[in-house]
Amino acid sequence: MNSEVVASSVKQDGPQSLSTPVQVETVPKVNLLGMSRPQLEAFFETLGEKKFRAGQVMKWIHQFFVTDFAEMSNISGKLREKLEQVCEIKAPEVVHRNYSKDGTRKWVFRVGEGAGSLVETVLIPAEHKTGLSRTLCISSQVGCALDCSFCSTGKQGFQRDLTPDEIIGQLWVANHSYMEDVPVAERERSVTNVVMMGMGEPLLNYDAVLSSMYIMLDDFAYGMSKRRVTLSTSGVVPKIDQLGKDIDVALAISLHAPNDALRNELVPINKKYPLEQLIAACQRYIAKNGNESSRRHVTIEYVMLDGVNDHPEHAQQMIKLLKNLPSKINLIPFNPFPHAPYERSSRNRIISFQKTLSDAGFVCTIRQTRGDDIDAACGQLVGQVADRTRRAEQWKKKVEEGNVILRSQG
Ligand code: SF4
């Protein structure tokens, strides 16, 4: 742990000799990486400094990716020294990184001790008519408590919430990976889009996620367009309403089933907040500021599970369910993980599902599977690295004992 010795209290019973061990108190440095502008302003005021220093330092951290206060050339030497003593700029530790041939990049971060303290971040590039996009899928929790039946993260159980510096640190590292050898003055942010869709349910780590998204949108930091920051939730209804009040970002829903019976099974939080409540919350979210481009529609994520949720009748149910909700539908071919009780729907089945929805007037896309050579596809976050917790073991045992019932057709 990086901590600075700021005081020493020497405990001694007799005269100090060279051989007497000196005990020192260490005070952890304050990590500035995850502080929003209001927090940084308050911090500088506690140091007896002017608030505008916050904006200056934010730019150095999030636009020039500088971690050494000595490089912050528009800040006085005296203040730089003070900052050096009491703060740090520290991203989470990268323990594994892998860059795929198709441009996909993946990082595994250690955010604590033990095998379960790992989170993963994936960056997926895509060519569009308007240019290249780089979308970063960010994690918000270590593991997840919600236990969706098709999700490898859910099988790892919940460890803890990530802190704002651990969340924004994923964006910082991804950007920094494109500019390690670039001189400070020429550095540019490379990540164009963020989706809060990695490990964890972001709305169950609300304050840290909100604070991180403020930093993403802040012109003194990443200055991202609100259309390009998407929060994806499995449906924590009260927090969707709260989000609508607190920030303007795009919303995605991990739907995965068009009726309550099936969704209760695939996405268990549906038992608490069934579809009727969820759809109503989405309608309120986009009604709040319907002219804003980030809120003209909700993105519906739908993982395609062979023989489970991919039947023509499911497509018809989707049409009915979403008829009053401006939405774009993204069909996700399932990526099997070890001991997964499902298989990916056939290509024909996915295309036919898409056609039914498109014919009904929905914009419906099929997500390209990317980064398969580095195990970076969605739904596999950290599955390979940290699938060792109790729930994973229990799950494996259940599968081995044949106690997992695979859904039959419909
Ligand atoms: S799909 Fe999302 S909410 Fe469900 S278990 Fe996985 S990480 Fe958690």
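With 17 C-beta neighbours inside 10 Å, does H339 count as buried, exposed or partly exposed? In this predicted model, H339 counts as partly exposed, because a residue needs 20 or more such neighbours to be buried and 12 or fewer to be exposed. H339 sits in the loop that runs between β15 (327-333) and α10 (347-359). Its backbone also deserves a look: the phi of H339 is near 70°, a positive value in a residue other than glycine. Most residues other than glycine have a negative phi.

A second positive phi turns up at F65, where the angle is about 55° although the residue is not a glycine. F65 belongs to the loop between α2 (52-62) and α3 (77-86). Here the surroundings are those of a buried residue, because F65 has 22 C-beta neighbours inside 10 Å.

Another loop, the one between β5 (93-99) and β6 (105-110), holds D102. Since D102 has 15 C-beta neighbours inside 10 Å, it counts as partly exposed. The chain brings D102 and P125 to a C-alpha separation of 8.1 Å, with their positions 23 residues apart along the sequence counted as the distance apart.

Turning to the interior, the largest nonpolar core comprises 101 residues, and L171, V194, C282 and M304 have the most contacts inside it. This core lies between domain 1 (4-88) and domain 2 (93-401), because both domains give residues to it. For M304, the residues touched, leaving aside those up to four places away in sequence, are D310, L331, I332, P333, F334, R344, S345, I350 and F353.

Helix α6 (residues 237-246) offers a neat view of two sides. Its buried residues are V237, K239, I240, L243 and G244. Seen down the helix axis, these buried residues fall within an arc of 155°, so they line one face of α6. P238 and K245, on the other side of α6, are exposed. The cover over the buried residues includes α5 (206-217), β12 (229-233) and α8 (275-288).

Finally, the ligand is surrounded by C144, L146, D147, C148, C151, T153, G154, M199, G200, E201, S234 and S254. By residue class, this shell divides into five nonpolar, five polar and two charged residues. The charged members are D147 and E201, while the nonpolar ones include C144, L146 and M199.

Methods. Residues are numbered from 1 along each chain as its sequence is written. This is a predicted model: local features need pLDDT of at least 70, side-chain atom pairs count only at pLDDT 80 or more; totals for chains, interfaces and linings use all residues. A residue is near a molecule or strand if its C-beta atom, placed from the backbone, lies within 6 Å of it. A nonpolar core is a set of buried Ala, Val, Leu, Ile, Met, Phe, Trp, Tyr and Cys residues joined through C-beta atoms within 7 Å. Domain bounds come from an automatic or database domain assignment. Two residues are in contact if their C-beta atoms, placed from the backbone, lie within 7 Å. Helices (H or I, at least four residues) and strands (E, at least two) are DSSP runs, numbered from the N terminus. The arc is that of the directions from the helix axis to the C-beta atoms.
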